[in-house]
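Open the model in your viewer, get a cartoon on screen and keep the selection box handy. We will go from stop to stop, picking residues and looking at what surrounds them.

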Amino acid sequence: MHLFIIGYMGSGKTTLGKRIAHAFGMPFIDLDYYFEASFRTSIPLFFERYGEPAFREIERQLLIEVSTRVDHSIVSTGGGTPCHFENLQLMKQRGRVVYLKLSAAMLASRLYHSPLRYKRPILKGLDKEQMLRKIQDQLLEREKFYNQADLIIETKHLNTTELLEIIIENFPELNRK
């Protein structure tokens, strides 16, 4: 079984994914890092050179690849991954999907203060207020996809240990690799 972790950038997908993978002895794949390693370029540079449509097509191909090459894994997706093509349906066919939900204000605060913020193409050059509006707009578009997850976890007041306990409680089948 695969467990796909979705949510907006900065929601904690990679951090939680690593914890779950370690707890269950399963491989962990961060789809964004997988993209960068496969194509030996950063996502911002790829966006700049080839645009978002080319990125989304390759992202789709990589999602198919990682979900078919092993039987069990924990996959942290990019924030837009479930919103393009039939990616969400593919994830639901091949495993379970968890949405890490945070408010736009909390996401904006995390992202604005993150040293990695400059690696995120859609936030490039935005001040704090512009970033909040961009996140609010994108969440409005994306939540119709995110809310189709098998499990939605409001993460605002939860640490990674508490999140891991919720995952274990809701997906006991992860123990049966």
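Two residues are in contact here when they have heavy atoms within 4.5 Å of each other. Please keep in mind throughout that this is a predicted model.

**Stop 1: Glu59 and its helix**

Select Glu59, which you will find in helix α4. Is Glu59 buried or exposed? Buried means under 20% relative accessible area, and Glu59 is counted as buried because its relative accessibility is 3%. Now show what surrounds this side chain: apart from neighbours within four places in sequence, Glu59 is in contact with Leu31, Gly78 and Thr81. Add Phe35 to the selection as well; 24 residues separate Phe35 from Glu59 along the chain, yet their C-alpha atoms are 7.1 Å apart.

Next, widen the selection to the whole of α4, residues 52–69. This helix has 18 residues, and from the first C-alpha to the last it reaches 25 Å, close to the 26 Å expected at 1.5 Å a residue. Colour its buried residues: Phe55, Arg56, Ile58, Glu59, Arg60, Leu62, Leu63, Val66 and Ser67. As you look down the axis, it helps to recall that an α-helix has 3.6 residues a turn, so residues three or four places apart point the same way.

**Stop 2: the aromatic cluster**

From Phe55, go on to the rings. The structure holds 7 aromatic pairs. In one of them, Phe47 and Phe55 sit 5.1 Å apart, centre to centre, with 50 degrees between the planes, and the pair is tilted. Phe47 and Phe55 are both buried. Which residues do ring pairs link into a cluster? Select Phe35, Phe39, Phe46, Phe47, Tyr50 and Phe55 to see them together.

**Stop 3: two positive phi values**

Now move to Arg40, in the loop between α2 and α3. Check its backbone: phi is near 50 degrees, a positive value in a residue other than glycine. Most residues other than glycine have a negative phi. Arg40 is exposed, with a relative accessible area of 80%.

For another example, select Phe85, in the loop between β3 (73–76) and α5 (87–94). Phe85 is not a glycine either, and its phi is positive, at about 50 degrees. With 44% relative accessibility, Phe85 counts as partly exposed.

**Stop 4: helix α7 from two of its residues**

Pick Phe145, which is found in helix α7. It is partly exposed, with a relative accessible area of 23%. Beyond residues up to four places away in sequence, Phe145 touches Pro82, Cys83 and Leu88. Thr81 is worth a distance label too: the C-alpha atoms of Phe145 and Thr81 are separated by 9.8 Å, with the two positions 64 residues apart along the chain.

Stay in α7 and select Gln138. What counts Gln138 as buried? The reason is its relative accessibility of 10%, given that buried means under 20%. Leaving aside neighbours within four places in sequence, Gln138 is in contact with Tyr8 and Ile122.

**Stop 5: strand β4 and helix α8**

Lys101 belongs to strand β4, residues 95–101, and is partly exposed at 22% relative accessible area. Its contacts, not counting residues up to four places away in sequence, are Glu143, Asn147, Ile152, Ile153, Glu154, Thr155 and Lys156. Draw a line to Gly7 as well: the two are 94 residues apart along the chain, and their C-alpha atoms are separated by 6.3 Å.

Then select Leu164 in helix α8. Leu164 is buried, at 10% relative accessibility. Apart from neighbours within four places in sequence, Leu164 is in contact with Leu16, Arg19, Ile20 and Ala23. Ala23 lies 141 residues away along the chain, with 8.5 Å between the C-alpha atoms.

**Last stop: the largest pocket**

Finally, turn on a surface. The largest pocket holds about 930 Å³ of space. Of the 43 residues lining it, Met9, Gly10, Lys13, Asp32 and Arg120 are the closest to its centre. By class, the lining has 15 nonpolar, 16 polar and 12 charged residues. Which helices each supply at least two residues of that lining? Among them are α1 (13–24), α2 (31–39) and α3 (43–50), along with α4, α7 and α8, which you have already visited.

Note on methods
Residues numbered from 1 in each chain as written. Predicted model: local features only at pLDDT ≥ 70, side-chain atom pairs only at ≥ 80, totals over all residues. Heavy atoms only, no water. Helix = DSSP H or I, 4+ residues; strand = E, 2+ residues; numbered from the N terminus. Expected span 1.5 Å × (residues − 1). Buried < 20%, exposed > 50% of the residue type's maximum accessible area, 1.4 Å probe, protein only. 1 Å grid on protein atoms, 1.4 Å probe; cavity = no way out; pocket = protein on both sides within 12 Å on 5 of 7 lines; lining within 4 Å. Points joined across faces, edges and corners; volume = space filled by probe spheres on them. Nonpolar A, V, L, I, M, F, W, Y, C, P; charged D, E, K, R; others polar. Phe/Tyr/Trp six-rings, centres within 6.5 Å; stacked < 30°, edge-to-face > 60°.
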